[in-house]
Amino acid sequence: MDNITTTESKGDKEDVTTQPIDNLEAKKEKGKEKETEAEEETRKLPLRSLTELLKQNETEKPTKDKTYNAAATTLEELGYHYNAENQLRSIASDSKFEFIDQKHYDLLGDFVVTEIQKKILDVGSLEVLIPLDAGEKDPRSNIFISNDFHENKSTLLVIICGSGAVRAGMWARSLCINDSLETGTVIPYLRMAKERGYSYIVLNPNFTRNGGEPVENADTPQKHVSYCWEKLISPSPASKIAIIAHSYGGVCTQYLVQSPDFPKKDRARLSCIAFTDSVHSVGRNGFKFEQPPTINWVRSSKPLEKPLGKSEGVDAVTSGT
C-alpha cells in the first residue's frame, strides 16, 4: 500500500455558522412514476452558484503614494487578517483590501492560500502530498481529504477547481480577497459534506510544478486529477462518488471519464457530476455525459435553473446571474 503523508486536522470548529447552499437537482428523466432510493440520493448534493461573484474579478488600478512591507512573510505582516466572518480586513483600520500594485496583490494572494489551507485543516481535514511515493526532496503537490476518507463507505465528494492562480480549496482568488472565504472557497462545501456524512477530497490541479520542477505523474491538470483518482479515489471504500468541477475542472473531468482506462467499477459508482461554467468541449468525437446525470450551471441573467437544453454534451441550466 502506498505511504500517505498527512498533516493532522485541528478538529471541527463548532462556532462557524453554515450558510445555506442550493441543492443540486439531478434532472435525469427516466420515465418512471417514482424515483428509487439511489436516485433520490443523487438529488441531495449541494451546489451554490459562483458566477455572480466571479464578476468581481476585474483589473485593479494601482494606488499612488501607498507603501507596503515587501519583505512580509505572513498575511499579518502585510497588515491584513480574516475576521470572524471570514472577510479579509486591515488589521489597523478594519477596512477592506486596498490594491497598491500587482506585486502587492500577488504577495497577498500567496498568503491567502496559506490561510485558506489552514482553515481547511480546521474543518477536519488531512493534507496529503503527492506523488505518494515521492521523497522529501522531490517536487510534490498537496491535496486535502476528510479525516474519514479511508473508512467512510457513504458518498465521496470530489472537488476540482478551475485554472489560474487558484490552489486547492479556492474557487477564485479575487473572491477570497474582495468578498469572503464563504464565497471564494470550498470550505462551506466541506462543512456540508461532514453534516451529511460524506467523505471528500479537494484536488489541486494547478499545482503542477514545485520549485520550478514538474511534479511527477501530475505535471498537467489532467494528469493530476487522473493520478489522484487512480491512487486515492478509486481505492476508496465510498459506495457513491459525486464530482463538483468549476471552469477548467470540467475539462479535467471530461479527460478522466472519457478515458478508456477509466475503471468500470468507478463509472458505476458515479452518482452525479455538477459543473459550474465548465469550459469543456465535446469536439469531433461527440462525447456525451450520459452516465452519470450531469448538469452545467452557466452564467445567465435568467431565473435560476431555467433549462437551456444540451450544451457540449450535458444538460445546461442558468445560474441565475
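Cys272 is buried, its relative accessible area being 2%, where buried denotes under 20% relative accessible area, exposed over 50%, and partly exposed the range in between, as evaluated with a 1.4 Å probe on protein chains only. The model is a predicted one, in which local features require pLDDT of at least 70 and side-chain atom pairs count only at pLDDT 80 or more, whereas totals for chains, interfaces and linings use all residues. Residues are numbered from 1 along each chain as its sequence is written, and side-chain values use heavy atoms, with hydrogens and water left out.

Cys161 is likewise buried, with a relative accessible area of 4%. A search of the whole structure for disulfides, defined as pairs of cysteine sulfur atoms within 2.5 Å, returned 0. Cys161 accordingly takes part in no disulfide, and the nearest cysteine sulfur, belonging to Cys252, lies 8.4 Å away.

The chain comprises 9 helices and 14 strands, these being DSSP runs numbered from the N terminus, with helices (H or I) of at least four residues and strands (E) of at least two. Of its 321 residues, 52% count as buried. Where contact means heavy atoms within 4.5 Å, 66% of the contacts between residues at least 6 apart in sequence join residues at least 24 apart. The exposed area of the chain is about 15800 Å², of which carbon and sulfur atoms supply 46%; accessible areas were obtained by the Shrake-Rupley method with a 1.4 Å probe, and for residues only the protein chains shown count as cover.

Helix H6, spanning residues 187-195, is largely enclosed by the rest of the structure, because 7 of its 9 residues are buried. The buried residues are Ile187, Pro188, Tyr189, Leu190, Arg191, Met192 and Ala193. Their cover includes helices H3 (102-124) and H5 (181-184), together with strands E4 (125-130), E6 (155-160), E7 (199-202) and E10 (240-246). Gly197, which follows H6, has a positive phi, near 80°.

A positive phi also occurs in the turn of a hairpin formed by E13 and E14, where Glu312 has a value of about 55° and 2 residues separate the strands. Strand E13 (residues 307-311) pairs with strand E14 (residues 314-318) in the antiparallel sense over 3 bridges, pairing being assigned if DSSP finds at least two bridges between two strands. Pro307 has Val317 in E14 as its bridge partner.

The search of the whole structure identified 7 salt bridges, each defined by a side-chain nitrogen of Lys or Arg within 4 Å of a carboxyl oxygen of Asp or Glu. One of them involves Lys310 and Asp315, with the closest N and O atoms 3.5 Å apart; Lys310 is exposed at 59% relative accessibility, while Asp315 is partly exposed at 28%. In the salt bridge between Lys223 and Asp219, the closest N and O atoms are 3.4 Å apart, and the two residues are partly exposed, with relative accessibilities of 38% for Lys223 and 33% for Asp219.

Lys265 and Asp266 form a further salt bridge, with an N to O distance of 3.1 Å. Here a partly exposed residue, Lys265, with a relative accessible area of 48%, meets a buried one, Asp266, at 0% relative accessibility. Both residues belong to a network of salt bridges that also links Arg269.
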